[in-house]
Amino acid sequence: MTRKLLEELENAENGSFELVEENGRAILKIFNPKGNGRPVHPVDLMNRIRSLKIVLDKNIAVDRILRNTQEGRVAEGQSHPIGTWPKVATRKAATGEVHVAPDQMSASIFIEPPEGGGEQLSKDAIVQLLKNHGVIKGLLDGVIADIAKKPQYKRLVVVAKGQNPKNGENGYIQPLFETIHKPRQTASKEKIDHKQVNLIRSAKAGEAIAEKINPTMGTPGYTVSAAILPAESGKIAEFQMGANVEISPDGKKLLSKIEGRPVLDSRGVIRVDEVVYLKNIDYSTGNVDFPGSVIVEDSIADGFKLHASGSIILQSSVGVCDISAGKDIILSAGFMGRGEGIIRSQGDVYVRFVEQGTIEAHGSIFISEASLHSKLIAGNSIIVKGGRGDITGGETVATNHVQCVKLGGAGEAKTLVTVGIDPAVRESIDRIKDSLKEKEATLEKIRISLTRLIDLAKKRSLDATETETREKLLLAQRKYRALVESDQKQLDTAQLALSAHSKAYVSVETQIYPNVEISFGRGLTYRSPVRTAIGRQVLFVEDRAIAIQPTLPHFLQTENE
């Protein structure tokens, strides 16, 4: 390809000419084009002669010299004296001025053009000029070659750059355990196997649970004058030790002191929690708040609370209780909240079924059978698949997507779904509204007090105390007007976020019953028809409208489909 390009360039070289001074005489040399190149045009040649103020001899016909050369009667490149070179047109070579940055991390050249046919600066001349100014490192060879071939006059061109030092990467602590193990999905990814739970990963006493990775050395830099810029090596990481751990004799590993569950918390502290196994939570145990993971083998009595900083596994169904975990919550059976029970998780929630309960998860909610008249709120997605896969009644809110087999119910229970909007945004808007309402009420009180003083001032002069009060009220009024304006701007900004993001969707496998509403934010709400819609339906936002089709569009396809 390169050879072909060179051949094409050579076969398309335009004709050219030179005008030089020799002993006070103007000498013309003409070169013919090659291949498909353009010949020298007489107008261009005469314009150049005029611009140089060359006085032609009386018997010289420049156009004849040009024509004879182009027709081959005169050899190209032959010297033709054509006239007198003007004395005012002194021949002067191009000059360059080097500018080095104060930090010596770059150098530029400023080139003055030649005069009277003077020579250009060659690449070697530019390099030597840079060396004369102490610029010997980081030369940009390609740039220098380009400006030697096609000069850029009267502008600074960077021709050398230093290299900043690259500091080494810090060392770090590498955990030797997985912090989250969740129920496995079947090969078809349609059903979650709650029996295959490996959430509690045990570490034996003396087992290594983390290791120290060494930092790397840095790479020194340099200036254009070849001064070395030292680099800093990465910092050595230190173990952040929690309970039940110790450092190995060689200082490179962290060992468990007991048999338990290794945990890496959000601060980078590594500890080993004891895993507590409880048969029941009732009057015999009271409410449970455990700094680790909890497995309940039997039941939790109504009215009791269970909190764990780690994960919670429940082997039986639960009812009117308050359960919260810093990690995942897994219910091997169901959750019958009877309108009062609540489950909150900083991770994911896995449950077989839920009825009249509230589940809030920062991650996703996975339900294998059904959700009946319940409130589900997920920071990621809600997936109801595996068994019946029904979402009937209640409110379902997910930031990313909702998947189920059937949506709504034969009894036409009101079923609300909101997707694509972060639940935290809605909470934030409510807080801003409350703050705005409170400030507006205060502003109204200030206005009433000011009006009273203004009316009084119309009847008589205000005394010193009243005047001071008025000034304070005016100051407070300006302050609260600014606060109200600030809250209103925050509210407007937050409400813009109520529009669903572009990846949000709802996927229903078999049917959508009447009395179902699916919201994608302000002004984008789908209301199911009077008759049950049969067949798979995927709802998403496209071109600011809700689109419905039997399959996910390509840009929404995920590994869950």
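I count a residue as buried under 20% relative accessible area, as exposed over 50%, and as partly exposed in between. I keep in mind throughout that this is a predicted model.

**Entry 1: two residues with positive phi**

I looked up Gln-104 first. Gln-104 has a relative accessibility of 32%, so I enter this residue as partly exposed. Its place is in the loop that links strand E5 (95–100) with strand E6 (106–112). I noted a positive phi of about 60° for Gln-104, although this residue is not a glycine.

I then turned to Asn-244. Here phi is positive too, at about 65°, and Asn-244 is not a glycine either. I found Asn-244 in the loop between strand E13 (228–229) and strand E14 (245–247). With a relative accessible area of 28%, Asn-244 is partly exposed.

**Entry 2: the sheet of 4 strands**

I reminded myself that strands of a sheet pair through backbone hydrogen bonds, in either the parallel or the antiparallel sense.

I traced an open sheet of 4 strands in the order E1-E2-E4-E3, and its pairing is antiparallel. Which strands stand at the edges? They are strand E1 (16–22) and strand E3 (55–56); each has a single partner strand, so one side of each is left without a neighbour in the sheet.

I also checked one pair inside this order. Strand E2 (residues 25–31) and strand E4 (residues 80–84) run antiparallel and are joined by 4 bridges. In this pairing I found Ala-26 opposite Gly-83 of E4.

**Entry 3: E18, E20 and E22**

I followed strand E18 (residues 275–281) to strand E20 (residues 293–300), and the two pair in the parallel sense over 6 bridges. Tyr-277 has Ile-295 in E20 as its bridge partner.

From E20 I went on to strand E22 (residues 312–314), which pairs with E20 in the parallel sense over 3 bridges. Which residue of E22 is the bridge partner of Ile-295? I read off Ile-313.

**Entry 4: the sheet of 10 strands**

I wrote down the order of another open sheet, E19-E21-E23-E25-E27-E29-E32-E34-E36-E37, which has 10 strands and mixed pairing. Its edge strands are E19 (288–290) and E37 (525–527), and each of these pairs on one side only. From one strand to the next, the twist averages 5°.

Within this sheet I looked at strand E32 (residues 394–398) and strand E34 (residues 415–419). They pair in the parallel sense, and I counted 5 bridges. Gly-394 has Thr-415 of E34 as its bridge partner.

**Entry 5: Phe-520**

I went next to the loop between strand E36 (516–519) and E37, where Phe-520 lies. Is Phe-520 buried or exposed? Its relative accessible area is 1%, so Phe-520 is buried. I also looked up the spacing to Ser-499, which is 21 residues away along the chain; the C-alpha atoms of Phe-520 and Ser-499 are separated by 6.5 Å.

**Entry 6: the largest pocket**

I noted that rolling a probe the size of a water molecule over the atoms shows where empty space is left.

The largest pocket has a volume of about 290 Å³. I found 15 residues in its lining, and the closest to the pocket centre are Glu-360, Ala-361, His-362, Ile-377 and Glu-427. The elements that give two or more residues to this lining are strands E23 (322–325), E25 (342–345), E27 (358–361) and E29 (375–378), together with helix H6 (423–459). Which element gives the most? I entered H6, with 3 residues.

I sorted the lining residues by kind, and they divide into 6 nonpolar, 5 polar and 4 charged.

**Entry 7: Glu-471**

I placed Glu-471 in helix H7 (residues 464–496). At 42% relative accessibility, Glu-471 is partly exposed, because this value lies between the limits of 20% and 50%. Leu-450 is 21 residues from Glu-471 along the chain, and I found 9.4 Å between the C-alpha atoms of the two.

**Entry 8: cysteines**

I searched for pairs of cysteine sulfur atoms within 2.5 Å. The count of disulfides comes to 0. I looked up two cysteines for their accessibility. Cys-321 has 4% relative accessibility and so counts as buried. Cys-404, at 0%, also counts as buried.

Notes. Residues are numbered from 1 along each chain as its sequence is written. This is a predicted model: local features need pLDDT of at least 70, side-chain atom pairs count only at pLDDT 80 or more; totals for chains, interfaces and linings use all residues. Side-chain values use heavy atoms; hydrogens and water are left out. Two strands pair if DSSP finds at least two bridges between them. Axes are lines fitted to C-alpha atoms, for helices over the stretch in contact, and angles run from 0 to 180 degrees between N-to-C directions. On a 1 Å grid over the protein atoms alone, a cavity is a set of points where a 1.4 Å probe fits but cannot get out, and a pocket is an open set with protein on both sides within 12 Å along at least five of seven lines; lining residues have an atom within 4 Å of a point. Grid points are joined across faces, edges and corners, and a volume is the space filled by probe spheres set on the points. Ala, Val, Leu, Ile, Met, Phe, Trp, Tyr, Cys and Pro count as nonpolar, Asp, Glu, Lys and Arg as charged, and the others, Gly among them, as polar. Buried means under 20% relative accessible area, exposed over 50%, partly exposed in between (1.4 Å probe, protein chains only).
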